[in-house]
Amino acid sequence: DALPIYVHSLEKRPLRTQAATGGVICGLGDIITQTAVEKHESLSLPRSLGMITWGCLYSGAFQYCWFRMLDHKIKHPGLTGTILKTAADQALDIGALPAFFALSGLWRGLVWEQIQRKIEKEYLSTLLTNFSVWIPAQAINFSLVPPKFRVLFSCVIDLGWNTFLSFVAHREVPTALTHTDISLTLDDSLLHTQSKPVHIKDLLRNEEESERP
């Protein structure tokens, strides 16, 4: 059976197993997004690879170390411990989301100005959605799930969350006019404004010359 093999791997190689779990779940979430949500005819492999990398590093390996640290630092039993761990976990996500948008943008080849616009556009709404999903999920995780299965539990929730997160990260943000764009637009408008009187004068001059005997 797969479950005993997985549990044995968790016990013998916990960090690598958790990292692989996070990578697989994040990659699967992105594939679902591309095929079922965005209806792409073909998969973007660089995009999926970026999500797999994020899953391995953050959802899997980092969360494994993070959950262990929370258990070590927060010794309060019962509801108090659950509240403190959940609050600490959500405080971490406040900084993790901008890092996610930045890394996914760099992986797609975006320049910093585009990444900055993406964060300004998507960050707050994504953070509020994050709280609505992960506060109850992590409260259950910290109160009911055995420690060695907490990353797995998070990754199961991550399947739906990363489908949403991949969609948000890769939808286009309308391009704002830069200072250069505005300057060029104004210069072009001035040129057109200046050219019209000259053009009319030329027409009048030509008409007067044609009327002379």
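Of the 213 residues in the protein, 36% are buried. The exercises below concern a predicted model.

**Exercise 1. Fold and confidence**

Determine how many helices and strands the protein has, and where confidence is lowest and highest.

*Solution.*
Step 1. The protein contains seven helices and zero strands. Read from the N terminus, the order of elements is α-α-α-α-α-α-α.
Step 2. Among contacts between residues at least 6 apart in sequence, 75% join residues at least 24 apart.
Step 3. The protein has a mean pLDDT of 83, with 81% of its residues at 70 or more. Confidence is highest in α5, at a mean of 94, and lowest in helix α7 (residues 179-211), at 50.
Step 4. For residues 176-187 the pLDDT is below 50, and the model gives this stretch three contacts beyond near neighbours in sequence. Residues 189-198 also have pLDDT under 50, and here the model has zero contacts beyond four places in sequence.

**Exercise 2. The geometry of α3**

Compare the reach of helix α3 with its expected span, and locate its kink.

*Solution.*
Step 1. Helix α3 covers residues 45-73, which is 29 residues.
Step 2. At 1.5 Å a residue, the expected value is 42 Å; from first C-alpha to last, α3 reaches 40 Å, close to that expectation.
Step 3. The helix nevertheless has a kink of about 40°, centred on Gln-63.

**Exercise 3. The cysteines**

Establish how many disulfides the structure holds, and explain why Cys-155 is not bonded to Cys-26.

*Solution.*
Step 1. The count of disulfides is zero.
Step 2. Cys-56 is in no disulfide, and the nearest cysteine sulfur, in Cys-26, is 8.1 Å away. With 26% relative accessibility, Cys-56 is partly exposed.
Step 3. For Cys-155, the closest cysteine sulfur is likewise that of Cys-26, at 7.0 Å. A disulfide requires sulfur atoms within 2.5 Å, so the separation of 7.0 Å is too far for a bond.
Step 4. Cys-155 is buried, its relative accessible area being 1%.

**Exercise 4. The nonpolar cores**

Identify which helices supply the largest nonpolar core, and which of them gives the most.

*Solution.*
Step 1. The largest nonpolar core comprises 19 residues, and those with the most contacts inside it are Trp-54, Leu-97, Phe-100, Phe-101, Ile-119, Tyr-123 and Leu-165.
Step 2. At least two residues of this core come from each of α3, α4 (78-107), α5 (112-144) and α6 (150-170). The greatest contribution is that of α5, with six residues.
Step 3. A second, separate core has nine residues, including Trp-66, Phe-67, Ile-74 and Phe-142.
Step 4. Tyr-123 serves as an example from the largest core. Setting aside residues up to four places away in sequence, Tyr-123 touches Ile-94, Leu-97, Pro-98, Phe-101 and Lys-118.

**Exercise 5. Two buried polar residues**

Classify Ser-59 as buried or exposed, do likewise for Thr-21, and list the contacts of each.

*Solution.*
Step 1. Ser-59 belongs to helix α3. A residue is buried under 20% relative accessible area, and Ser-59, at 3%, is therefore buried.
Step 2. Beyond four places in sequence, Ser-59 is in contact with Gly-22, Cys-26, Trp-54, Val-151, Cys-155, Asp-158 and Asn-162.
Step 3. Thr-21 is part of helix α2. Its relative accessible area of 9% makes Thr-21 buried.
Step 4. With neighbours within four places left aside, Thr-21 is in contact with Tyr-6, Leu-152 and Cys-155. Thr-21 and Tyr-6 are 15 residues apart along the chain, and their C-alpha atoms are separated by 9.9 Å. Cys-155 appears in the contacts of Ser-59 and also in those of Thr-21.

**Exercise 6. Two loop residues**

State where Lys-39 and Phe-149 lie, and give the accessibility of each.

*Solution.*
Step 1. Lys-39 sits in the loop between α2 (14-37) and α3. Lys-39 is exposed, with 61% relative accessible area.
Step 2. The phi angle of Lys-39 is near 60°, a positive value in a residue other than glycine.
Step 3. Phe-149 occupies the loop between α5 and α6. At a relative accessible area of 22%, Phe-149 is partly exposed.
Step 4. Not counting residues up to four places away in sequence, Phe-149 touches Val-7 and Leu-10. The C-alpha atoms of Phe-149 and Gln-18 are 9.4 Å apart, although 131 residues separate them along the chain.

Terms used
Residues are numbered from 1 along each chain as its sequence is written. This is a predicted model: local features need pLDDT of at least 70, side-chain atom pairs count only at pLDDT 80 or more; totals for chains, interfaces and linings use all residues. Side-chain values use heavy atoms; hydrogens and water are left out. Helices (H or I, at least four residues) and strands (E, at least two) are DSSP runs, numbered from the N terminus. The expected span of a helix is 1.5 Å times one less than its number of residues. The bend at a residue is the angle between axes fitted to the seven residues ending there and the seven starting there. Buried means under 20% relative accessible area, exposed over 50%, partly exposed in between (1.4 Å probe, protein chains only). A nonpolar core is a set of buried Ala, Val, Leu, Ile, Met, Phe, Trp, Tyr and Cys residues joined through side-chain atoms within 4.5 Å. Contact means heavy atoms within 4.5 Å. pLDDT is the predictor's confidence in each residue, from 0 to 100.
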